[in-house]
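Work through the exercises below with the sequence and the model open. Each task is followed by a solution in steps.

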Amino acid sequence: MRGRPNLVAEYRSDAAIFRSNVQRFWFVLLLVVVFYLALQGRPDSPLPQLGPLHLGRDWMILAVTAVFASIGAIGLNIVTGYAGQVSLGHAFFLGLGAFTAAVLGGVEEVRMVPDLATGEMVEKTLLVGYGLDMIVWLPAAGLLAALCGLIVAPIATRVRGLYLAFVTLGLVFLGTHVFKTAKGYTGGTNGRPTAEVRLWSFRFDQDGEVFGFFMTKEQKLFFLGLVLLLVLGLAAKNLARSKVGRAMAAVRDRDIAAEIMGIPLTRYKTLAFVISSFYAGIAGALLWSVITRVQPGEFNLLLSVEFIAMILIGGVATVSGSVMGACFIVFLPKVVEWLAGVPLFDLVISTGVGEGVFDIFQFERILFGLLIVLFLIFEPLGLYGIWIRIRNYWKAYPFSY
Amino acid sequence: MNEFVKALFDGLSLAAVYALIALGFVIIYKSMQVLSFAQPGLLLIGGFWVVEFSMRRDINFFLAVAIAVVFATVTGLVIERLALRPMVGKPVFAVAIMTIGIDVVLRIWALDLFGDTLQSTGDPWGIGTSTVGGIVLGHRRIAAIVVAAVLVVALLVFFRYTRIGLAMRATAFDQEVALTQGVSVARVFAVSWAIAAVLAAIAALFVNLNTGSLSPNDAAFALRALPVVVIGGLDSIGGALVAAVIVGIAEQLTSVYSPQYFDWVGAGFAQVVPYLVMFIVLLVRPYGLFGTKEVERV
C-alpha cells in the first residue's frame with residue numbers, strides 16, 4: 001500500500017510495530033546515525049566527523065540522561081497515556097528506584113565512634129550499602145518500585161480524575177519525607193553516593209577499551225542506555241498492541257463503558273501502575289547512578305511535572321513520543337544556553353550579573369512552563385503530532401490536501 | 001492540659017490559613033471545574049507585594065495590604081484571561097497541568113522580583129502574645145483566625161446577596177443553563193480567579209504564624225492546602241472549612257506530640273499529616289467528606 005500508510009487491510013498490519021517498510025527503513029537509519037554519533041562522541045575520536053554534529057563530552061552526558069529519562073517517560077506514558085490514569089507520583093517511584101540501587105549497589109559507610117558505655121571505639125554503620133552488581137540492583141530497583149506501585153494501587157484505583165492526581169501528589173510528599181527520615185539508607189537530607197554501574201567486572205562508569213575500541217564512560221553508559229531503551233521500549237510497544245494495551249486504552253477512553261464490556265477495571269488499572277512503576281524504578285536507578293549522588297529533595301513535584309511535560313510535549317500514548325519528549329526536555333537547558341548568545345534573546349537572558357531580565361535557569365523554567373501551556377493549547381498530540389502533520393504536508397506536496 | 005488547649009488554638013489558627021487558600025481552590029473549581037495548581041505562585045507573588053509596599057516603600061502595613069490586594073486582583077484577572085480562557089472546554093487534566101505551568105512562571109517571577117531570602121511582611125503583630133487563662137495566644141494567630149472568619153463570612157454574604165454572587169452560584173450549578181439565562185460565565189470565571197488570588201495573597205501574611213516572614217520556600221504551604229480541599233470534597237465550600245479545621249488541628253497536634261510519643265516518624269512529619277488524612281478519607285469516601293458524587297452515564 002505505497003503512499004497510503006493509513007490504509008489498513010488486516011488486523012495484523014494494524015497491530016504491527018512498523019506499519020510499513022518505509023518506517024522500518026527510517027528507524028534503522030536513525031539507529032545507525034545515533035550509533036555513529038555516539039561512537040565518535042569523544043574529543044579524540046578516530047572516526048570521521050559529520051560536520052557540526054560532533055558531540056562533545058557535555059552533549060554526551062545529556063544524551064545519556066536523555067536515554068535513561070526516556071525509559072522513565074515510557075513508564076509514565078503507560079499509566080497516564082495508555083491507561084489514562086493521571087499520575088503526579090512518578091517522582092516517588094523514580095526515587096524508590098534510585099535509593100534501592102544506591103543501597104544495593106552502593107558502598108557501605110562506616111565510622112569508628114566511641115561506645116558510650118565502655119569508651120572503646122566501635123564500628124557504626126552510617127550508610128547501608130551492599131556493593132552488589134548491576135545485574136542485581138537494576139532489576140531490584142524496578143521490582144521494588146513495582147511492588148510499591150502494587151501497594152498504592154488499591155487507593156489509586158478507587159479514585160478517579162483529579163482526585164487521583166491528588167493521591168499521587170500526596171505520594172510524592174510522603175515519599176520525600178520517608179526518604180529524608182530513613183537516614184541509614186538514604187543519608188538523610190544531604191543524600192548519599194549511588195551505585196557503581198558495573199556489570200560483572202565490566203565498568204560502565206570508567207573510560208576503557210571495548211572490543212579494542214577506546215570508549216569514554218559516557219559512551220559506554222549511552223550504549224547501555226540505548227540497549228535498555230530498545231528492549232523496554234519494544235516491550236512497551238508490544239504491551240500497547242496486545243490485549244492488555246487495548247484493555248488499557250478502553251479504560252482510558254471511558255472506564256465505565258470498558259467495565260460494561262467485561263474489562264476488569266481494577267486489574268488493568270493496577271497493572272498499569274505496577275508496570276509504570278517498574279519502568280520508573282529502572283530509570284531512577286540509572287539516572288542517579290550516572291550522577292553519582294542522590295538526595296531525597298530531588299524527588300519533588302517538579303520532577304513529576306517534568307516527566308508529565310515529557311509525555312505531553314512528546315506525545316501522549318506513543319512510545320516514540322516519550323523518547324522525543326524526554327530528549328526535548330533534557331536538551332532544553334542546552335538550547336537555552338545557546339539562545340543566551342543569540343542576538344535579541346541575549347537582551348532577555350543574562351549570562352552574567354546585572355544584565356538581561358532573567359538568568360539562564362529562570363528563563364529555562366519559564367520556557368518550560370510556557371512550552372507545556374503552548375503544547376496543550378495548540379498541539380495536544382505533542383511533537384509526535386507535529387511530526388505527523390509535517391509528514392502529511394510533504395506527502396501531498398505541492399498540494400495542501 | 002494547657003499544652004493541649006494551646007495546640008488546639010494554634011491548630012485552629014493554622015486551619016484559618018488553610019481555609020483561606022482552600023476557599024480559593026474551591027471557588028475556582030466550582031466556577032470552572034478547574035483545579036488550580038497556581039495557588040502557591042499566587043500566594044508568593046501576593047505576599048511579596050505586601051513586602052514590597054510595606055517594607056521597601058515604607059507604606060503603612062494595612063494600606064500596603066490593600067494595594068497588594070489590588071495587584072493580586074489584577075494578576076488573577078490577567079491569568080484567567082490569558083491562560084485559562086483559551087482552555088475552556090479542554091480536558092480537565094490539560095487545564096490542571098496548565099496551571100502548574102502558570103505556577104512555575106509566577107514563582108520564577110516572584111523569585112526574580114524579590115530574591116531568595118526571607119522577608120518580613122512588616123505586619124504590626126510582631127511576636128506579641130496575650131495570656132488568657134494560662135494559655136499563650138500569639139497575636140498573629142488571633143489575627144489569622146479573625147481575618148479568615150471575616151473573609152469567609154464576607155464571601156458567603158457575597159455569594160448569597162450580590163448579583164455576581166448569584167451568577168457564580170448559577171454557573172457552579174450548571175454552566176450551560178446559566179449561559180442561556182444570560183449570565184456572563186466569562187465574568188464569573190474572571191471574578192473567581194480574582195477572589196482566589198486575593199485569598200492567596202492574604203493567606204501569605206499568615207504562612208509563618210510565628211514570625212510573619214515569607215520566603216520562596218513557603219509556596220509549598222499552599223500545596224499543603226490541596227489535601228484540605230480534597231478531604232472536604234472539591235466542590236464544597238462548607239467541606240473545605242470543616243476539612244481545614246480537621247487538618248489544621250491534626251497537623252498541630254502531631255507537631256506538638258510526635259517528638260514526645262512517636263519520635264521514629266522523623267522531624268517534619270506534621271507537614272505530611274494533611275496527605276495522610278487525605279489518603280484515609282479518600283479510601284473511605286472517594287469524593288471527600290462533602291463532595292458531590294459524580295453521576296456517570298455511559
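## Exercise 1: a hairpin in chain A

Val110(A) has Thr125(A), in strand 2 of chain A, as its bridge partner. The model is a predicted one, in which local features need pLDDT of at least 70, side-chain atom pairs count only at pLDDT 80 or more, and totals for chains, interfaces and linings use all residues. Residues are numbered from 1 along each chain as its sequence is written, while chains are lettered from A and ligands numbered from 1 in the order in which they are written.

Task: Describe how strand 1 and strand 2 of chain A pair, and what lies between them.

Solution.
- Step 1. Helices (H or I, at least four residues) and strands (E, at least two) are DSSP runs, numbered from the N terminus. Strands count as paired if DSSP finds at least two bridges between them.
- Step 2. Strand 1 covers residues 109-114 of chain A and strand 2 covers residues 121-127; they are antiparallel, with six bridges.
- Step 3. The two strands make a hairpin with six residues between them, and Gly119(A) in the turn has a positive phi of about 85°.

## Exercise 2: a hairpin in chain B

Task: Repeat the analysis for strand 2 and strand 3 of chain B.

Solution.
- Step 1. Strand 2 (residues 129-132) and strand 3 (residues 135-138) of chain B pair in the antiparallel sense through four bridges.
- Step 2. Thr129(B) is bridged to Gly138(B) in strand 3 of chain B.
- Step 3. Two residues separate the strands in this hairpin, where Gly133(B) has a positive phi near 55°.

## Exercise 3: the contact between the chains

Task: State how many residues of each chain are in contact, and which helices of chain B take part.

Solution.
- Step 1. Residues are in contact if their C-beta atoms, placed from the backbone, lie within 7 Å. By that rule, 35 residues of chain A meet 33 residues of chain B.
- Step 2. On the chain B side, helix 4 (92-114), helix 9 (220-232) and helix 11 (273-284) each supply at least two residues.
- Step 3. Helix 4 of chain B gives the most, with 13 residues.
- Step 4. Count Ala, Val, Leu, Ile, Met, Phe, Trp, Tyr, Cys and Pro as nonpolar, Asp, Glu, Lys and Arg as charged, and the others, Gly among them, as polar. The side of chain B that touches chain A then has 28 nonpolar, three polar and two charged residues.

## Exercise 4: two helices checked for length and burial

Task: Compare the expected and actual spans of helix 2 of chain B and helix 12 of chain A, then describe their burial.

Solution.
- Step 1. The expected span of a helix is 1.5 Å times one less than its number of residues.
- Step 2. Helix 2 of chain B (residues 39-56) has 18 residues and should span 26 Å; its end C-alpha atoms are 24 Å apart, which agrees.
- Step 3. Helix 12 of chain A (residues 301-314) has 14 residues and an expected span of 20 Å, in agreement with the 20 Å between its end C-alpha atoms.
- Step 4. A residue is buried if 20 or more other C-beta atoms lie within 10 Å of its own, exposed if 12 or fewer, and partly exposed in between, with C-beta atoms placed from the backbone. In helix 2 of chain B, 15 of the 18 residues are buried.
- Step 5. Helix 12 of chain A is largely enclosed by the rest of the structure, because twelve of its 14 residues are buried. Among them are Leu301(A), Glu306(A) and Gly314(A).
- Step 6. Just after these helices, positive phi values appear at Asp58(B), about 60°, and at Gly315(A), about 150°.

## Exercise 5: three residues of chain A

Task: Are Leu171(A), Leu138(A) and Ile291(A) buried or exposed?

Solution.
- Step 1. Leu171(A) lies in helix 6 (residues 161-181) of chain A. Leu171(A) is buried because 25 other C-beta atoms lie within 10 Å. Leaving aside neighbours within four places in sequence, its contacts are Gly89(A), Phe92(A) and Val152(A).
- Step 2. Leu138(A) is part of helix 5 (residues 134-158) of chain A. Leu138(A) also has 25 other C-beta atoms within 10 Å, so it is buried. With neighbours within four places in sequence left aside, Leu138(A) is in contact with Ala101(A), Ile282(A) and Ala285(A).
- Step 3. Ile291(A) sits in the loop between helix 11 (265-290) and strand 8 (293-294) of chain A. Ile291(A) counts as partly exposed because it has 13 C-beta neighbours inside 10 Å. Its C-alpha atom is 9.5 Å from that of Ile61(A), 230 residues apart along the chain.

Notes
Contact = placed C-beta atoms within 7 Å.
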